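Q: Please take a close look at a single part of this structure, and then set it beside the place where the two chains meet.

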Amino acid sequence: MPLYETVVGLEIHVELATASKVFCGCSTAFGGGQNTRACPVCMGLPGALPALNRQAVEYAVRAGLALNCSITKNAVFDRKHYFYPDLPKAFQISQLYLPLCVDGWVEVSGKRIRIREIHMEEDAGKLSHDPWTDVSLVDFNRCGAPLIEIVTQPDIRSAEEAVEAVRKIRAALSMLGVSDCKMQEGSLRVDVNLSVRPMGSDELGTRAEMKNINSLRSIGRAVTAETARQIEQIELGKPIIQQTRRWDDSKGASSAMRSKEDALDYRYFPEPDLAPLSLSDEWIAERRAALPELPEQKRKRYPVEFGLSAYDTDILVSEKALCELFERTAALCGRPKDAANWIMGEVLAALKDRGEPPDQLRLPPEALARIITLQSDGVVNRNGARRALTAVMSGEAEDVDGYVTANQLAMVGDESALAGIVRQVMESDADSVAAYRAGKEKAFGRLMGQAMKALRGKGDPGRLKELLTEALGEG
Amino acid sequence: MKLTDDITLRVAKLSGIRLTEPETAAMTRDLGAIVGYFDILNELDTAGVEPRAHILPLVNRWREDVVTPSSDRDELIANAPARRDGYVAAPKTFEGGGSS
């Protein structure tokens, strides 16, 4: 039994998929020339007033409902003050006293990780640090982009649970369409609060907060590394200092950013420029009724309805694009297991080859369904089907049937054609025929190989084998 | 609550403002008067008053999610003390400042 237990809580910032910012009409689109998607509201110029984006509230409520939260009917926005160049107002509009969603949970390996709250806030601008001069350059394009911050209770006890919790939350949010949840691009950012304590203790140890973790894999690595660091400190008799640490994924280690002595006093107070929300029971019930089927529900349904394994189900439901493709393909071709196998195998492999994430998938379900049908009907073999899939995914082909015809992928199913090739091969390689008949079984493979070559891979190998065996037996 | 120079200096530090000694004294006096006003308000009996987060009887003042044109960049940052290549230039900040 280990001597120490890891205690982890997460803060997950998620950029909402609205077209405009949360308090002004500037575009939230990624990129754009520096400071070209900004206005007096983003810049905090005197007299500029925020106007709340209704869609951002809808998305935040949707996230809260999907993560089993209660919705705060009279939620209020607050000002959180801190002084930093990426925040020109010198305060961030956030929620402290009455956050929009409270008391939710997400299930991780049969255990509930409680969600303390989900609050709405605005993102800050982006700083680039010029290494040659004493200047930081500020771009306010991201300033004012709508965020939700999901705060869990310290219920997580291992690196695996931390990764799984983020995976589950990400899958739910991406299914809801409230965010694109791209960790690499920063639209989903995870801060890890971690402490260790002697096994069996109920008290929380002093915690460190780790920032700058930008992949699922690095969440697990950061938890493991920080646990080891804190245990080592304790074993050496050194105190754990409450501090914020910056995770460096290339080094696999974190370093101190700031400690409690520099802790900020945010001087929160209600934002006087925004009216409180007042959400009725009916309003909330309508949103609840309009939620799409969530990953957790799909996770239960797929094995029962389609006979899929838990493993396959898990991979499919973790990505919105994959489970949409699966469900529509299965419905179109009526072969759910084949659809799952194709997606888990060839489609994911092709995406990996192309270095593309699943949400960039360009594969109409109609095309995949047609490929599956052509293969199961014996019109094309596996190789031909795979070529058609690659062609569709690369944009080279749009119409599966057209591609199969143009590239002569249809198998030679004609008995007489197959028999003709068998005859031809047997005549041209009489030595192998004689060897086989003399009991050298290896010779069969040689003949089979030549026959397949003559068919250019388009023959049904099973039928060809039967015909060849038959012909050799007759001699 | 009694406002002291220590509190004034702490607020000034948090706000990124440097104060001289005479300025600190003046600020403590002025802020003290404002805080003192709340002591007067606190004498009122509010037992029958509903707590509220806003002084106006308004709720759900929201707009639709529609993109409107952003400002002209040069005009927008014209008042910044320093600019470079369309960025606002700020004194170099250590990595890891800021907030959540």
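Which residue follows α14(A), and what is the sign of its phi?

A: The model is predicted, and the answer begins at the end of the helix. Gly439(A) follows α14(A), and the phi of this glycine is positive, near 105°.

The helix itself spans residues 430-437 of chain A, and Ser432(A), Val433(A) and Ala435(A) are buried in it. Viewed down the axis of α14(A), the buried residues lie within an arc of 165°, so they line one face of the helix. A general rule helps in reading such a pattern: an α-helix has 3.6 residues a turn, so residues three or four places apart point the same way.

Attention may now turn to the two chains together. Contact between them involves 39 residues of chain B and 68 residues of chain A. Together the chains bury about 4,400 Å², and carbon and sulfur atoms account for 54% of this area.

Specific pairings can also be listed. There are 2 salt bridges between chain B and chain A; one of them joins the side chains of Glu64(B) and Arg54(A), with 2.8 Å from N to O. Polar contacts between the chains amount to 23 residue pairs.

On the side of chain B that touches chain A, the elements giving two or more residues are α1 (5-14), β1 (62-63), α3 (73-76) and β3 (87-91) of chain B. Of these, β3(B) gives the most, with 5 residues. By kind, the residues on this side of chain B comprise 15 nonpolar, 14 polar and 10 charged.

Key:
Residues are numbered from 1 along each chain as its sequence is written. Chains are lettered from A and ligands numbered from 1 in the order in which they are written. This is a predicted model: local features need pLDDT of at least 70, side-chain atom pairs count only at pLDDT 80 or more; totals for chains, interfaces and linings use all residues. Side-chain values use heavy atoms; hydrogens and water are left out. Buried means under 20% relative accessible area, exposed over 50%, partly exposed in between (1.4 Å probe, protein chains only). Helices (H or I, at least four residues) and strands (E, at least two) are DSSP runs, numbered from the N terminus. The arc is that of the directions from the helix axis to the C-beta atoms. Contact means heavy atoms within 4.5 Å. Buried area is the accessible area (1.4 Å probe) that two parts lose on being put together, summed over both. A salt bridge is a side-chain nitrogen of Lys or Arg within 4 Å of a carboxyl oxygen of Asp or Glu. A polar contact is a pair of N or O atoms within 3.5 Å; within protein, one must be able to donate a hydrogen and the other to accept it, and residues adjacent in sequence count only if both atoms are side-chain atoms. Ala, Val, Leu, Ile, Met, Phe, Trp, Tyr, Cys and Pro count as nonpolar, Asp, Glu, Lys and Arg as charged, and the others, Gly among them, as polar.
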